[in-house]
There are 2 protein chains.
Amino acid sequence: MSVPTIEFFWDAASPYTYLASTQIEALAERTGARLAWRPFLLGKVFEATGNRMPAAVPAKGKHLFADLRRWATHYGVPLTMPRVFPVNSLLALRAGLVAAEAGQDAAFAKAVMRAYWGEGRDISQAEEVAAVAQSLGLDPPTLLARAGEPSVKERLRANTEEAVRRGAFGAPSFFVGEALFWGNDRLVLLEEFLRGRLAA
Amino acid sequence: MSVPTIEFFWDAASPYTYLASTQIEALAERTGARLAWRPFLLGKVFEATGNRMPAAVPAKGKHLFADLRRWATHYGVPLTMPRVFPVNSLLALRAGLVAAEAGQDAAFAKAVMRAYWGEGRDISQAEEVAAVAQSLGLDPPTLLARAGEPSVKERLRANTEEAVRRGAFGAPSFFVGEALFWGNDRLVLLEEFLRGRLAA
């Protein structure tokens with residue numbers, strides 16, 4: 001049988017995507033799946049589908065951080081409620097596409113989400129994105145310049161539109177072929193699916 | 001230490017509440033917790049909080065049944081997409097309060113959710129609620145008459161208002177003291193919490 005690919009649509013603005021990013025590589029390893037990190041812009045997904053961020057419902061927003069804290073404790077990963085929230089993740093996502101050209105897609109995605117959700121750094125700012133790039137041995141000025149090029153912007157738009165066309169409405173979204181799994185809390189079902197125990 | 005109580009706020013109209021109802025007793029047994037089955041009216045919770053049912057977002061609604069089917073397979077429980085959906089669960093919930101007076105709260109809640117989500121029966125209808133009561137050895141005419149009494153109606157309203165006041169915005173909602181756990185997909189965190197591995 002051919003090796004299945006998990007397409008992981010991520011937006012650093014999404015806390016549940018950060019949580020999932022700390023678990024997905026181990027899951028892929030356990031199940032023998034390939035992993036494709038695909039940045040997409042969650043705000044545009046919400047616009048296109050009429051979905052909303054959890055904090056749009058005040059009672060849900062009030063509960064959000066307690067829930068995130070529990071997951072972070074459960075996973076044993078750092079969590080900080082960022083001062084800047086929600087954050088504009090556009091530059092970080094474009095930079096993720098550029099990092100991928102240097103084979104650093106996973107490393108960059110994990111690092112930029114950890115910078116924001118693990119350390120509370122304002123990743124809407126070029127200097128924070130530059131610091132993440134630097135930590136991975138990428139040249140910040142080159143990366144930032146390339147992130148502003150129309151072809152990179154267009155690729156982020158295309159990823160987003162593709163995800164919506166295939167049925168995504170939130171983040172994280174995982175696709176295995178046309179089977180969609182939505183949410184950090186669906187990693188258990190994604191794993192069962194990859195083990196052949198669930199239909200699509 | 002005193003025995004903790006899981007207050008399980010359930011509405012038979014909610015598919016994720018049905019799924020959770022098939023798992024919660026085993027969880028309570030594993031963790032040594034008491035379980036209190038508390039019917040509440042999810043529609044009123046949505047009204048009070050501004051939250052919406054998943055199917056209110058078309059792309060989410062389209063994905064809903066695939067997700068439910070996966071959970072049902074994972075848990076090994078029956079699932080049928082009911083022809084009548086969403087359903088008016090008011091009578092079923094009031095009947096749940098009456099069944100509780102005969103010590104049948106858990107049995108009735110599980111049976112009425114299984115009738116709807118496991119077998120697709122239209123539990124908005126008195127004859128279906130009567131059939132559930134009958135199967136538990138309760139007298140249907142007595143139960144239905146009592147379910148229409150103002151004091152029973154008032155208790156359902158009070159449960160609903162209490163849940164909202166304590167921070168609930170969806171179903172299933174589980175409280176252990178003031179700690180809220182929302183969703184079938186949070187049973188894993190509820191269990192961790194009851195084992196003393198998570199803060200509130």
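Biologist: Which residue, with a positive phi, follows helix 10 of chain A?

Modeller: The model is predicted: local features need pLDDT of at least 70, side-chain atom pairs count only at pLDDT 80 or more, and totals for chains, interfaces and linings use all residues. Residues are numbered from 1 along each chain as its sequence is written, while chains are lettered from A and ligands numbered from 1 in the order in which they are written. Helices (DSSP runs of H or I, at least four residues) and strands (runs of E, at least two) are numbered from the N terminus. After helix 10 of chain A, phi is positive, near 80°, at Gly196(A).

Biologist: What arc do the buried residues of helix 10 of chain A cover around the axis?

Modeller: A residue is buried if 20 or more other C-beta atoms, placed from the backbone, lie within 10 Å of its own, exposed if 12 or fewer, and partly exposed in between. In helix 10 (residues 187-194) of chain A, Leu189(A), Leu190(A), Phe193(A) and Leu194(A) are buried. They lie on the same side of that helix because their arc around the axis is only 135°. The arc is taken over the directions from the helix axis to the C-beta atoms, and its value here is 135°.

Biologist: Which helix of chain B do the buried residues of helix 10 of chain A pack against?

Modeller: Within chain A, these residues pack against helix 2 (24-31), strand 3 (173-176) and strand 4 (179-182). From chain B, the partner is helix 4.

Biologist: How many residues does helix 4 of chain B give to the side of chain B that touches chain A?

Modeller: Contact requires C-beta atoms, placed from the backbone, within 7 Å, and 19 residues of chain B are in contact with 19 residues of chain A. Helix 4 (58-75), strand 4 (179-182) and helix 10 (187-194) of chain B each supply at least two residues of this side. Helix 4 of chain B gives the most, and its number of residues is 7.

Biologist: Which residue of chain B comes closest to the rotation axis?

Modeller: Superposed by least squares on C-alpha atoms of residues with pLDDT of at least 70 in both copies, chain B fits chain A after a rotation of 180° with 0.0 Å of shift along the axis (RMSD 0.0 Å). That is the relation of a two-fold axis. The copies meet through the same surface, because 100% of the interface residues of chain B are also interface residues in chain A. At 3.0 Å (C-alpha), the residue of chain B closest to the axis is Asp185(B).

Biologist: At roughly what angle do the axes of helix 5 and helix 9 of chain B cross?

Modeller: Residues Leu93(B), Arg94(B), Leu97(B) and Val98(B) in helix 5 of chain B meet Val152(B), Lys153(B), Arg155(B) and Leu156(B) in helix 9 of chain B. The axes of helix 5 (residues 90-101) and helix 9 (residues 150-165) of chain B come within 9 Å and cross at roughly 105°. Axes are lines fitted to C-alpha atoms, for helices over the stretch in contact, with angles from 0 to 180 degrees between N-to-C directions. The crossing angle is roughly 105°.

Biologist: How far apart are the C-alpha atoms of Val87(A) and Ile123(A)?

Modeller: Val87(A) is in the loop between helix 4 and helix 5 of chain A, and Val87(A) is buried, with 21 other C-beta atoms within 10 Å. Beyond its neighbours within four places in sequence, Val87(A) has contacts including Tyr116(A) and Ile123(A). Val87(A) and Ile123(A) are 36 residues apart along the chain, and their C-alpha atoms are separated by 7.5 Å.

Key:
Contact = placed C-beta atoms within 7 Å.
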